[in-house]
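Got the model open in your viewer? Keep a selection box handy, and let's walk through it stop by stop.

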Amino acid sequence: MDAELKYSVDQFDGANFAVWARRIDSIFVAKNLDKFLNKEADETKEDEVSASKKAYALMLSFISDKVLVSLSEENTCASIFQKLKSTYLRDGAVNQILIRKRLAMLKKKEVSMQEHLNEVNGLVNQ
């Protein structure tokens, strides 16, 4: 059944990491590979090593070439995901201040209300 399931997630190109990571997490949960997003495989368990390699291959398929170049040193799914989080997920106080400033200065442009609300929600989620 797993071979029948198709997932449509754009390759990560450096934009909207939080949304992309949420989608990736749900795909890895569906494939029962989610533990490899946060921890390395136990090298003494052959089935775990095999599943970890599948997780690594799956992760690589969801990352664009321009981002993948910066991950050449990473050789496991967990190390790739951690590197992406540390690079693209901004938790610092300075970033929070900048996002709050962008949110406070946000004005509706010549776009639909739905697109404007999506922009507001995107800032709030960051």
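What follows is a tour from the whole chain to single residues.

**Before you click**

This is a predicted model, in which local features need pLDDT of at least 70, side-chain atom pairs count only at pLDDT 80 or more, and totals for chains, interfaces and linings use all residues. Residues are numbered from 1 along each chain as its sequence is written, and side-chain values use heavy atoms, with hydrogens and water left out.

**Stop 1: the whole chain**

Start with a cartoon view. You'll find 6 helices and 0 strands, so the order from the N terminus reads α-α-α-α-α-α. Helices (H or I, at least four residues) and strands (E, at least two) are DSSP runs, numbered from the N terminus.

Switch on a surface next: the protein chain exposes about 9,100 Å², with carbon and sulfur atoms supplying 51% of it. Those areas come from the Shrake-Rupley method with a 1.4 Å probe, and for residues only the protein chains shown count as cover. Of the 126 residues, 29% count as buried. Buried means under 20% relative accessible area, exposed means over 50%, and partly exposed is in between (1.4 Å probe, protein chains only).

Now for contacts, meaning heavy atoms within 4.5 Å. Among those in the protein chain with a separation of 6 or more, 47% are between residues 24 or more positions apart.

**Stop 2: the nonpolar core**

Select Trp 20, Ile 24, Phe 28, Met 59, Ile 63 and Leu 84 and show their side chains. These have the most contacts inside the largest nonpolar core, a set of 24 residues. The term covers buried Ala, Val, Leu, Ile, Met, Phe, Trp, Tyr and Cys residues joined through side-chain atoms within 4.5 Å. Colour α1 (17-30), α2 (46-61) and α4 (77-88), since each supplies at least two residues of this core. Which helix gives the largest share? That is α1, with 6 residues.

Stay on Leu 84 for a moment. Leaving aside neighbours within four places in sequence, Leu 84 is in contact with Phe 12, Phe 17, Trp 20, Ile 63, Val 67, Leu 71 and Leu 89.

**Stop 3: along α4**

Select α4 by itself and put a distance between its end C-alpha atoms. They are 16 Å apart, which agrees with the 16 Å that its 12 residues should span at 1.5 Å a residue. The expected span is 1.5 Å times one less than the number of residues.

Which residues of α4 are buried? They are Cys 77, Ala 78, Ser 79, Ile 80, Phe 81 and Leu 84. Bring the neighbours back to see their cover, which includes α1, α2 and α3 (65-68).

**Stop 4: two lysines and a glutamate**

The structure holds 2 salt bridges, a salt bridge being a side-chain nitrogen of Lys or Arg within 4 Å of a carboxyl oxygen of Asp or Glu. Select Lys 35 and Glu 48: their closest N and O atoms are 3.5 Å apart. This pair links distant parts of the chain, with Lys 35 in the loop between α1 and α2 and Glu 48 in helix α2, 13 residues apart.

Add Lys 39, which meets Glu 48 in a salt bridge too (3.6 Å, N to O). Lys 39 is partly exposed at 40% relative accessibility, as is Lys 35 at 39%, whereas Glu 48 counts as buried at 8%. Shared partners join Lys 35, Lys 39 and Glu 48 into one network.

**Stop 5: Thr 76**

Move to the loop between α3 and α4, where Thr 76 lies. Thr 76 is buried, with a relative accessible area of 16%. Beyond four places in sequence, Thr 76 is in contact with Glu 40 and Tyr 56, and a polar contact of 2.9 Å joins the side chains of Thr 76 and Glu 40. A polar contact is a pair of N or O atoms within 3.5 Å; within protein, one must be able to donate a hydrogen and the other to accept it, and residues adjacent in sequence count only if both atoms are side-chain atoms.

**Stop 6: Ser 64**

Go to the loop between α2 and α3 for Ser 64, which counts as buried at 10% relative accessibility. The side chain of Ser 64 reaches the backbone oxygen of Phe 12 at 2.9 Å.

**Last stop: Asn 32**

Finish in the loop between α1 and α2 with Asn 32, exposed at 62% relative accessible area. Check its phi: the angle is near 60°, a positive value in a residue other than glycine. Most residues other than glycine have a negative phi.
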